[in-house]
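This report covers the bound ligands and the residues around them. The sequence and the model come first.

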Amino acid sequence: MRGKWWQEAVIYEIYPRSFYDANGDGIGDLQGIIQKLDYLKDLGVTAIWICPFYRSPMDDNGYDVSDFYSVAEEYGTMDDLKALIAELHKRDMKLIVDLVLNHTSDEHPWFIESRKSVDNPYRDFYIWRKGNNGQPPTNWESFFGGSVWEYDETTGYYYMHIFSKKMPDLNWRNPKLRQEMYRMINWYLELGVDGFRVDAVAHLSKNWEFPNHEPIPGKEYVACYHEFSNRPEVHDYIREMNAHTMNRYPDVVTIGEAGGASLEDTLKYCAYDRNEFHMLIQFDHCWLDTDPSSAPYVPDKWTWKALDLRDLKRSFKKYQQGLYGKVWNTIYWSNHDQPRILSHYGTEGEQWEVCGKMLATVLYMQGGTPIIYQGEEIGMMNVKFEHLTDYRDVEIFTLYEETVGKGLASHEEMMERIHRRSRDNARTPMQWSDEPYAGFSTSEPWIKVNPNYKQINVEEQLKREDSLLNYYKKLFRIRQSTPTLIYGDFKLYLEHDENVVLYTRSDKEETYMILCNFFDRHVTVEIPEDIEVQNVTLILSNIRDCALQRQMHLLPYEALVYRLNA
Ligand code: TEU
Ligand code: CA
């Protein structure tokens, strides 16, 4: 398959709360996005995905929806959303909205009804179970830590929530619920959106046998995500949904977010002949540096060890080769749920900018549609707030309660985990300039600005020719004008090398070679014999012009892209 707009797109993810505040109340908004569209266009972005803007008590910053049909007051109005669509389309850009199907807020009218009585018409919109001898129905752990069950006094039942307790899970076995969701999706399709990023879609189906799991010493609940992830019925739901909604809109793109999806799952969700999603956001490459055994009392992502580059290359290869010709891929480093990529797999040190360019090159020369996250293009980094009270993410507070609160870890230990891994690292305000509040707002923002905004900001990088921002622009320009880089196949070399990433992209016409030194050290590499080193052209580099030779001496974080046989 070729030539679909989304295959040739550069998608930019916006976390509306933290992007740009147009009315000076300290919270980003839809008008703020409109004001920055020319900036995005200039960067080479062709579509934006905005995280939820729906009415919400904001327990999880909008992923807890209380009314799907209105815009949260702090973000604007439905007219602002229509204006955003019009302004995007005027610039030949597209809008992808976030579709939250797995849960609602506990303040959604359906849930308010549902909890009233066991025979309420909305009771079966959610998942209610009786307790187990004074204990929750199962000992399953929620993604945010703690139990997936919350006791509700009104009827004496527990409801299920795989995220926060203010986000009850919907019961997708109920056809009435499904019909309500299709109605909502069709409403947005008619409004003129160009696509959906389907939140947490892997979790729509649960194991209704509700088995308990063997307890882990020192822990109250067991992380058994397979009980509610990527189960077979999810695919039936997606196909039925498409039949009632998207199928009538052949140009609308759907991108599923499927945590824990394997390569086989990805093929099921997205194979060209299966009519489910066009692309998948999977997590295989995101958490290759965890060490769960070092702290069994926290979910895996809160632990760490040094990254072994060979694991990352294996993951690249698995998806690049495994999906080629069968599924269109997405390529991304970060999003609003991940630590900042420079802090995670790169460096915050002196070489941050060269490293940022290398990270961009390693990834965005691969096949699939790039999804870049706001601030990545200027090298925004993790933040280390000193006080717990400076944090905002509900996940942090549940985690803290389940660890420090239960005497399993010290305050200092958990602060370090939060500094390295929390989602708020990605949610500090976008750094537009060195003015107060980084030019994000004229008043105190809802979450503090990263203190490094004086050095790292858009205004400074727009002015400086060799900035990371200008490198991203150049990279996207090259990618967008080179079909081989969009559609070509991927071949990984030097799989066992611990320092460099070397791959080619080719089709009948051309071959490109990408060579990156991933770390802060000098390395020497032998280019494999089947790559011709004569007659090549350097098309992109992050440090210097450097001719291709059989033996290459690379500088720390050096990145080079050549067109071969040119
Ligand atoms: O995240 C979902 C998510 O990360 C899990 O579904 C994932 O499968 C799990 O962590 C396994 O790694 C989305 C949003 O991106 C996030 O911001 C929300 O908090 C969450 O859904 C709930 O809506
Ligand atoms: Ca605002």
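The largest pocket is the space taken by ligand 1. The model is a predicted one, and the contacts described here are computed from it. The shell around ligand 1 is made up of 18 residues, and the closest of these are D60, D199, H203, D337 and R423. Sorted by class, that shell holds 7 nonpolar, 4 polar and 7 charged residues.

Polar side-chain atoms approach oxygen atoms of ligand 1 as listed in the table.

| Residue | Atom in ligand 1 | Distance |
|---|---|---|
| D199, polar side-chain atom | oxygen | 2.9 Å |
| H336, polar side-chain atom | oxygen | 2.9 Å |
| R423, polar side-chain atom | oxygen | 2.9 Å |

Ligand 1 on its own exposes 510 Å², of which the protein buries 87%.

The second topic is the metal site. Ligand 2 is a calcium ion, and its donors lie at 2.2 to 2.3 Å. Which residues coordinate the calcium ion? D21, D25 and D29 each do so through OD, and N23 through OD1, whereas I27 uses O. Along the sequence, the donor residues follow the spacing D-x1-N-x1-D-x1-I-x1-D.

Two of the donor residues can also be described by their accessibility. Is N23 buried or exposed? N23 has a relative accessible area of 53%, and because exposed means over 50%, N23 counts as exposed. For D29 the relative accessibility is 5%. The limit for buried is under 20%, so D29 is classed as buried. The calcium ion is thus coordinated by both N23 and D29, with N23 exposed and D29 buried.

Note on methods. Residues numbered from 1 in each chain as written. Chains lettered and ligands numbered in written order. Predicted model: local features only at pLDDT ≥ 70, side-chain atom pairs only at ≥ 80, totals over all residues. Heavy atoms only, no water. Donors = N, O, S within 2.8 Å, 3.2 Å for Na, K, Ca; no water. Buried < 20%, exposed > 50% of the residue type's maximum accessible area, 1.4 Å probe, protein only. Near = heavy atom within 4 Å. Polar contact = N/O pair within 3.5 Å; in protein donor to acceptor, adjacent residues only side chain to side chain. Areas by Shrake-Rupley, 256 points an atom, 1.4 Å probe, with all protein chains shown as cover. 1 Å grid on protein atoms, 1.4 Å probe; cavity = no way out; pocket = protein on both sides within 12 Å on 5 of 7 lines; lining within 4 Å. Sits in = over half its atoms within 2 Å of the grid points. Nonpolar A, V, L, I, M, F, W, Y, C, P; charged D, E, K, R; others polar.
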